[in-house]
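This report is written for someone meeting the structure for the first time. It begins with the aromatic rings and then widens to the core, the chain and a few single residues.

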Amino acid sequence: MRFILMLCCLSILFACTQKQEKKKEIEKETSFTTPLGKTYEIPQPSEKSIAQYDEAKATYLANPEDVEALIWFGRRTAYLGQYQEAISIYSKGIEKFPKDPRLYRHRGHRYISIREYDQAIADLEKAAELIQGTTNEIELDGMPNALNIPVSTLHGNIYYHLGLAYYLKHNYEKAYEAYLKCRESGNNYDNIVSSTHWLYMIQQRMGNPEKADSLLAPIHADSTVIENQSYADLCHLYKGWIPVDSLIQTGPGNPSNDAIRYGVANWYLYHGDTTQARLLMEELLDSQAFSSFGYLAAESDRIQLFEQ
C-alpha cells in the first residue's frame, strides 16, 4: 500500500514538473518595455493557450514543410506574448516559402507589436504585392468571436495592418490609401466599420472634416456587427447618433476598450480640446493592454504630438 501511494505521489510530481517545464519552454519573453519606458510583465498563459500552442508546435514539427502548420505555430506563439519568437518562426517560413503573402502579413503584424514599424511596412507592402490578382480568402480566427464566425479576410487584414503601421508613423496619406483598400476588400460589415473608423480619423487628422463625413456613407444604424462593436459605436459617434459621453468606459484595458478610449481621445483632439485628448490618452497608457491598437496609437501620439 505504501509503495502504491509512493508511486501515485511520484506520478503527480512528474506531471507537475512536466507542466512547469512546458511553461518555462514557452516563457522566453517575460516582459516588454515600450518606447515610453513603461515595462509590462507578459501575462501567464492559460492552460488552454498552452495546450493550443503545444498542439500547433507538434503539428509543425511533424510537418515542417506544411506552411499552414508553420503559420499556426507562429500564431499560437504570438498569442502567448512571445512576439520575437513568432517573428523568428515566420522568418524561417519566408526562407522556405518566399511567395506566400500570409507569412509577411503575420510577421508584419508582430513587427507592429514590438514597435518595429518600418519593418512592418516592408513586410505588409510585400504581402500586398503578392496578393495582386489573387482571390481573397477568409482568414480563420485564432481567438474566435462569440458566434465563431470569421469576419476578416487575408486581403483585408493585410491592408488593415499596413494602414495601421503607416498611421503609427503619422504617414496619413499612405495610411488612408491602405485603409481604403481594406474597406474595398470585402462587404462584411465588421470590415466596413473598422476600416471606416480609421478612414474617418485620418481625414480629420489631415484637416478635412467634410471629406471625413463623406466616408461615413456606408454606416447604417440597423446593420449587424458580429465582432467590431467598438468601431461601430465610434462610427455612430462620428455620425452624431450618440453623445461622446456615452462611450467613455472604465475598467481594465483590453483591445475593445482601448479602441473606444483612443477614438474618443482623438475625437476631442480634432475638436480642439487638446487637454482632454491628452488626459484620455494618458489614462489609456496606464492600462495593461500594451499591444492593443488603441494603446499603440495613443503611445505614438504621446511621442509625436505631446512629447514637447
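## Aromatic pairs

In this predicted model, a search of the whole structure turns up 14 aromatic pairs. One of them joins Tyr167 and Trp198, whose ring centres are 5.1 Å apart and whose planes stand at 75 degrees, so the pair counts as edge-to-face, since the angle is over 60 degrees. Because Tyr167 belongs to helix H7 (residues 154–168) and Trp198 to helix H9 (residues 189–205), the pair ties together parts of the chain that are 31 residues apart in sequence. Tyr167 and Trp198 are both buried.

Ring pairs also link a wider cluster, made up of Tyr160, Tyr167, Tyr172, Tyr179, Trp198, Tyr262 and Phe293. Elsewhere, a ring is met by a charge: the charged end of Arg75 sits over the ring of Trp72, at 4.2 Å from its centre.

## The nonpolar core

Which residues have the most contacts inside the largest nonpolar core? They are Ile112, Tyr167, Trp198 and Tyr238, in a core of 90 residues. Helix H7 provides the largest share of this core, with ten residues.

The surroundings of Trp198 can be listed in turn: leaving aside its neighbours within four places in sequence, Trp198 is in contact with Tyr160, Leu164, Tyr167, Tyr179, Tyr231 and Ala297. Of these residues, Tyr160, Tyr167 and Tyr179 also appear in the ring cluster that includes Trp198.

## The chain as a whole

The secondary structure of the chain consists of 14 helices and two strands. The chain has 308 residues, and 51% of them count as buried. Among contacts between residues at least 6 apart in sequence, 58% join residues at least 24 apart. The accessible surface comes to about 15400 Å², and 53% of this surface belongs to carbon and sulfur atoms.

## Three residues in their places

Asp100 is found in the loop between helix H4 (83–96) and helix H5 (101–113). With a relative accessible area of 13%, Asp100 is buried, because the value is under 20%. When residues up to four places away in sequence are not counted, Asp100 touches Val67 and Leu130.

Tyr176, which has its place in helix H8 (residues 172–184), is likewise buried, with a relative accessible area of 13%. Its contacts, leaving aside neighbours within four places in sequence, are with Leu199, Ile202, Gln203, Lys211 and Leu215. Tyr176 and Ser195 are 19 residues apart in sequence, and their C-alpha atoms are 9.5 Å apart in space. Lys126, in helix H6 (residues 117–130), is partly exposed, with a relative accessible area of 24%. From Lys126 to Lys99 the C-alpha to C-alpha distance is 9.3 Å, while the two are 27 residues apart in sequence.

## Confidence in the model

The average pLDDT of the chain is 90, and 89% of the residues score at least 70. Over residues 12–17, however, the pLDDT is below 50, and beyond near neighbours in sequence this stretch has zero contacts in the model. Residues 21–27 also stay under 50 in pLDDT, although the model has 13 contacts beyond four places in sequence for residues 21–27. Where pLDDT is low, the predicted coordinates should not be read in detail.

Notes. Residues are numbered from 1 along each chain as its sequence is written. This is a predicted model: local features need pLDDT of at least 70, side-chain atom pairs count only at pLDDT 80 or more; totals for chains, interfaces and linings use all residues. Side-chain values use heavy atoms; hydrogens and water are left out. Helices (H or I, at least four residues) and strands (E, at least two) are DSSP runs, numbered from the N terminus. Buried means under 20% relative accessible area, exposed over 50%, partly exposed in between (1.4 Å probe, protein chains only). Contact means heavy atoms within 4.5 Å. Accessible areas come from the Shrake-Rupley method with a 1.4 Å probe; for residues, only the protein chains shown count as cover. Rings of Phe, Tyr and Trp (its six-membered ring) pair if their centres lie within 6.5 Å; planes under 30 degrees apart count as stacked, over 60 as edge-to-face and the rest as tilted. A charge sits over a ring if NZ of Lys or CZ of Arg is within 6 Å of the ring centre and within 35 degrees of the ring normal. A nonpolar core is a set of buried Ala, Val, Leu, Ile, Met, Phe, Trp, Tyr and Cys residues joined through side-chain atoms within 4.5 Å. pLDDT is the predictor's confidence in each residue, from 0 to 100.
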